[in-house]
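Colleague: I'm new to this one, could you walk me through it?

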Amino acid sequence: MSNITQPSNSAPNHKVSTNRCVRVCLHRTCKKQGAAQVLEALAKLPVPDVTLTASSCLGQCGNGPMVLVLPDMVWYSGVRAKEIPLLVEQHLLGGERVKQMLYYRFHPQG
Ligand code: FES
């Protein structure tokens, strides 16, 4: 009976920083539409290597609250605080866009 040791195929254990950032517009219109609650909900669910930033106007007033994920350049519109757990789990942790929350103007195909 042979006892052959297979070479290890495991990759070196080096962590790659994603340097992602989530920007929440807190300017006038988005603020009126509940952006502060969205920012608060995101702050309660911190994600490693993801920075959370309150932003000035993102130029899409009236479609807010607007949330922009960088460097992915994924825009979410009309975001509600209750949707944040899904956004965090599916996009920030899982790497999948949340299609039903995407901003139609920049993501017409979803
Ligand atoms: S006020 Fe939020 S995009 Fe302009």
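Modeller: What follows is a short talk about the sheet, a helix and the cysteines. This is a predicted model, in which local features need pLDDT of at least 70, side-chain atom pairs count only at pLDDT 80 or more, and totals for chains, interfaces and linings use all residues. Residues are numbered from 1 along each chain as its sequence is written, and side-chain values use heavy atoms, with hydrogens and water left out.

Colleague: In what order do the strands of the sheet come?

Modeller: The open sheet has 4 strands in the order S2-S1-S3-S4, with mixed pairing; strands are DSSP runs (E, at least two residues), numbered from the N terminus, and two of them pair if DSSP finds at least two bridges between them.

Colleague: Which strands stand at the edges?

Modeller: Strands S2 (50–55) and S4 (74–76) do, each with a single partner strand, so one side of each has no neighbour in the sheet.

Colleague: And S1, what does it pair with?

Modeller: S1 runs parallel to S2, joined by 6 bridges, with Val24 opposite Ala54 in S2, while S1 and S3 are antiparallel over 4 bridges, where Cys21 has Leu70 as its bridge partner.

Colleague: Why is S1 largely enclosed?

Modeller: Because 5 of its 6 residues are buried, S1 is largely enclosed by the rest of the structure; buried means under 20% relative accessible area, exposed over 50%, and partly exposed in between (1.4 Å probe, protein chains only).

Colleague: Switching topic, how many disulfides are there?

Modeller: A search of the whole structure finds 0 disulfides, a disulfide being a pair of cysteine sulfur atoms within 2.5 Å. Cys21 is buried at 15% relative accessible area, whereas Cys57 is partly exposed at 33%.
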